[in-house]
Structures are given as structure tokens and as C-alpha cells.
Amino acid sequence: KAATRDPNRIKRLWRKNPKANVGIATGGPSGFFALDVDRKNDGFAAFAKLEKEHGKLPFTKKCKTGDGGFHLYFKMPAGATIPNSAGKVAKGIDIRGEGGYVIAPPSNHHSGGGYEWVN
């Protein structure tokens, strides 16, 4: 709710807490939504099945999540509102859209893993 692009505010926040993670607001504030595929809950298998049934998704920014899953980032279609959902697309696949956020690189996960850009 307090997302900012203000570089001075970001610098102040990180000076205060240099180990803070990066969160990116999805939906209107950023103009994108994210497909969050979890390693747990058979997210990889569900993603592979969806691509087999509906075709491969277009090339886009991809991030490995700290627990071994991945995020795919897509531009929000003009005039569209894409809500957040958990497991509605498929088990192990969430959508981060309007009013949501994703954790982004170079953040750390509580499991000890890190978020990294794949491309």
C-alpha cells in the first residue's frame, strides 16, 4: 500500500534496513501482473500441462523464487483488471495482479534461497 518509485525514499528505507527485500506492486501501479509458479503443490507439473494444452507462453521476464519456483512477468493488457488469485488457474499457480505484489531479486527467502533473474 506504500509502494514508491521515489529513489530518495528508497535510499532512506534501505539505509534504515539494508537487509530489506524488494517488493513490486502488481496491477495498476506497475502496469504488469505476474504468474507465480510454486515448486510445491505440483506447480511445475500444472504449468507444463497448461502449456501442453494451450501452447507455450510468450517470452517474458522470468525470476527464480527463493524456494525454487518462478515468476513470469506480463504487461497488463490495456483496460484490463487482473485480480489476484491462488490456485484458481491450477494447483500450485497463483496470479499476482491488482492490489498484489511480488518479491523480486535480489531478495532473500526464509528458506535461505534467493530470488534471481533468469533472463
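Select A86 to begin: this residue belongs to strand 5, which covers residues 85–90. Strands (E, at least two residues) and helices (H or I, at least four residues) are DSSP runs, numbered from the N terminus. The structure is a predicted model, in which local features need pLDDT of at least 70 and side-chain atom pairs count only at pLDDT 80 or more, while totals for chains, interfaces and linings use all residues. Residues are numbered from 1 along each chain as its sequence is written, and side-chain values use heavy atoms, with hydrogens and water left out.

Is A86 buried or exposed? A86 counts as exposed because its relative accessibility is 60%; the term exposed means over 50% relative accessible area, buried means under 20%, and partly exposed lies in between (1.4 Å probe, protein chains only).

Next, show I93 and D94, which A86 touches when residues up to four places away in sequence are not counted. Contact here means heavy atoms within 4.5 Å. Then add R96: its C-alpha atom is separated from that of A86 by 8.6 Å, and the two residues are ten apart along the chain.

Keep R96 and D94 selected, since their side chains meet in a salt bridge (3.5 Å, N to O). A salt bridge is a side-chain nitrogen of Lys or Arg within 4 Å of a carboxyl oxygen of Asp or Glu. D94 counts as buried, because its relative accessibility is 11%. Side chains of opposite charge can pair when their charged atoms come close.

How many salt bridges does this rule give? The count comes to three.

For another, select E53 and K49, whose side chains meet with 3.9 Å from N to O. These residues are four apart in helix 2 (residues 43–54), so about one helical turn separates them. K49 is exposed because its relative accessible area is 53%, whereas E53, at 49% relative accessibility, counts as partly exposed.

Move on to K56 and E51, which form a salt bridge with their closest N and O atoms 3.6 Å apart. K56 counts as exposed at 71% relative accessibility, but E51 counts as buried at 16%.

Finally, select R12 in helix 1 (residues 7–16). R12 counts as partly exposed, because its relative accessibility is 47%. Add R9, K11 and R15: together with R12 they form a positive surface patch. Patches are made of residues with over 30% relative accessible area and no salt bridge, with like charges joined within 9 Å and nonpolar side chains (Val, Leu, Ile, Met, Phe, Trp, Tyr) within 5 Å. Lys and Arg count as positive.

Conventions. Accessible areas come from the Shrake-Rupley method with a 1.4 Å probe; for residues, only the protein chains shown count as cover. The place of a charge is taken as NZ of Lys, CZ of Arg, CG of Asp or CD of Glu.
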